[in-house]
Amino acid sequence: MVLRDVTFDVAIIGAGPAGLAVLSALNGKLSVCVIDAHSWLTEWRGRFAALDIKFLRSESSANPDVFHSGVSEFAMRTGRRLPEFKWRTGRTLPETGLPESRLFEEFCDYLSSSLAHEFVVGTVTSVERATGGYDLTLDTKKVVRARHVVFALGAPGPPNVPEPWKLGPRVVHSSDWRRLGLDCVSSRDAVLVIGGGLSAAQAALKAARKGAKVALCSRRPLATRRFDLPENWPKRGRARLFEFYGTPLAQRAAWVDRERGGGTVPPSYLRELAGVRRVVDVVSEVDATLRVTFHGATEPFDATRVVLATGTTRNCARIPLVRDLVRAFDLPVLDGLPLVDETLRWGHERFTVVGALATLQVGPDAANLTGARRAAEICADDLGVYDIVDEPPRRLPHSNNKFDVLLGDDDDDDDDDSEEGSS
Ligand SMILES: Cc1cc2nc3c(=O)[nH]c(=O)nc-3n(C[C@H](O)[C@H](O)[C@H](O)COP(=O)(O)OP(=O)(O)OC[C@H]3O[C@@H](n4cnc5c(N)ncnc54)[C@H](O)[C@@H]3O)c2cc1C
């Protein structure tokens, strides 16, 4: 049955930060339905809890609220303080510290509860054209009708499982937080963590705190960077962003990979990891007992549990809903990503793509909070409601500069580029 015979202006599929950013940017001007199998930010919360992540890696200004200062205002209003952010010049910016995960999640709860929308529980399994829009069919058999559909589905493909690994009861990918099981690790366990990024570091540290024997194995020595993008992307990386837009579409995925580089960990984690055994090598074989051997000189490791913190693949055709959409609506795909236009529209449909799937038009931070909000602003502008946002005035649309929405309110060229890692 079609949900209460209502046609929503917009259906947002996905209740993660990217979906919330779209809801915030639409700012109550359209009727909106949000669809997800779980409540707001369940994936985010699950990942943060499973890896014991106490602080975000990004500043408080990076958040899903169209009013950028939302988290710091919320912190002040609820009597919390954000850690100060220190700059090499000696200046401190008291409201730009890294927010605590709990504060961020409470803020997102507050934000989602203050924005008008209908939340429908379920997973969208198909989208079909219907009178006046699209019918979205859920696994619960419910049907939601909407004039415009926003896809905020998260990762651009399934988890990356490198050779020779096969997922199983004792070999788990870090994104599978429901099965990660690090809470149950004990001093009897030997945990091998594969990967060179922050999730790998967090998994190794958590297992070590539980008293397990831990080895963290990466192909190259761990690289350190405060954020997983060049500092303050794209605020002070505007020139790079314009370079991104100047790059032909066919070269953008490669450009993004170069810009993001491989996995990195913030400096503070590197210090914490001093007590964890680190292996720079490549796994060659693993047997049924979970004895792991390496290509290089590393001694074999007898694991009881393996965590693959190896990121996700970029292959949207392996997301069943996306694969079916591509076929049904003849939607273009390039380098495993939806080939959306500058307004993030996909094909000739009233479809908008945000989050990591919109990388070809949003750039290297598409999967992060800053990129999610930029995409949301572009979407709201495209739907004709962004001009009701009275803050910040510099980003009002229709100023003949199609890159306007790329400029944040605190986009300040006078700022010193050389901040010091504070996490
Ligand atoms: C451990 C970790 C820490 C991170 N920390 C930061 C940070 O500090 N700062 C930062 O900027 N970025 C950070 N990121 C990156 C990024 O912000 C997060 O991954 C964020 O969750 C991405 O938001 P999203 O909404 O795009 O995707 P998700 O949070 O994955 O949400 C997607 C939602 O879509 C739903 N969905 C998918 N398909 C369907 C369907 N067919 N029907 C209905 N619902 C569907 C899913 O259930 C999910 O709820 C971090 C990522 C990780 C993994």
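**Group meeting: a predicted chain and its ligand**

I'll start at serine 24, which is found in helix α1. Before going further, note that this is a predicted model. At a relative accessibility of 2%, serine 24 counts as buried, because the cut-off for buried is under 20%. Leaving out residues up to four places away in sequence, serine 24 touches Pro64, Asp65, Val66, Leu111 and Leu115. One of those residues, valine 66, also takes part in a polar pair: its backbone nitrogen lies 2.8 Å from a polar atom of the serine 24 side chain. There is also a long-range pairing to mention. Serine 24 and glutamate 377 are 353 residues apart along the chain, and their C-alpha atoms are separated by 9.0 Å.

Now the chain as a whole. The protein chain has 11 helices and 21 strands. Of its 423 residues, 52% are buried. If we take contacts between residues at least 6 apart in sequence, 66% of them join residues at least 24 apart. The exposed area of the protein chain is about 18600 Å², and carbon and sulfur atoms supply 51% of that.

Next, the ligand. How many residues surround the ligand? The count is 27, and the closest are Asp36, Arg57, Ser58, Val124 and Leu369. Sorted by class, the shell holds 16 nonpolar, seven polar and four charged residues.

Three polar distances to the ligand are on my list. For arginine 47, an N or O atom of the side chain is 3.0 Å from an oxygen atom of the ligand. For arginine 57, a polar backbone atom is 2.8 Å from a ligand oxygen. For alanine 152, a backbone N or O atom lies 3.4 Å from an oxygen atom of the ligand. As for cover, the ligand taken alone exposes 980 Å², and the protein buries 84% of that. The elements giving two or more residues to the shell are α1, at 17–26, β2, at 32–36, and α2. Of the elements, α2 provides the largest share of the shell, four residues.

That brings me to helix α5, since α2, residues 42–50, is also among the elements that cover the buried residues of α5. The others included there are β10 at 190–194, β11 at 213–218, β13 at 264–265, α8 at 267–272 and β18 at 305–308. Is α5 mostly covered or mostly open? It is mostly covered, with nine of its 12 residues buried. Those buried residues are Leu198, Ala200, Ala201, Gln202, Ala203, Ala204, Leu205, Lys206 and Ala207.

What about the length of α5? At 1.5 Å a residue, its 12 residues should span 16 Å, and the end C-alpha atoms are 16 Å apart, so the two agree. After α5 comes glycine 211, with a positive phi near 90°.

One residue of α5 deserves a separate word. Glutamine 202 sits in this helix, which runs over residues 198–209. Its relative accessible area is 4%, so glutamine 202 is buried. Apart from residues up to four places away in sequence, glutamine 202 touches Leu51, Ile53 and Tyr269.

Two loop residues to finish. Threonine 298 lies in the loop between β16, residues 291–294, and β17, residues 301–302. Buried or exposed? Threonine 298 has a relative accessible area of 18%, and it is buried because the cut-off is under 20%. Leaving aside neighbours within four places in sequence, threonine 298 is in contact with Arg277, Val279 and Asp281. With aspartate 281 there is a polar contact, side chain to side chain, at 2.5 Å.

The other loop residue is arginine 188, found between β9, residues 171–173, and β10. Here the relative accessible area is 72%, so arginine 188 is exposed, the cut-off being over 50%. From arginine 188 to lysine 213 is 25 residues in sequence and 7.8 Å in space, C-alpha to C-alpha.

To recap the residues I went through: serine 24, glutamine 202 and threonine 298 are buried, whereas arginine 188 is exposed.

Notes:
Residues numbered from 1 in each chain as written. Predicted model: local features only at pLDDT ≥ 70, side-chain atom pairs only at ≥ 80, totals over all residues. Heavy atoms only, no water. Buried < 20%, exposed > 50% of the residue type's maximum accessible area, 1.4 Å probe, protein only. Contact = heavy atoms within 4.5 Å. Expected span 1.5 Å × (residues − 1). Near = heavy atom within 4 Å. Polar contact = N/O pair within 3.5 Å; in protein donor to acceptor, adjacent residues only side chain to side chain. Areas by Shrake-Rupley, 256 points an atom, 1.4 Å probe, with all protein chains shown as cover. Nonpolar A, V, L, I, M, F, W, Y, C, P; charged D, E, K, R; others polar.
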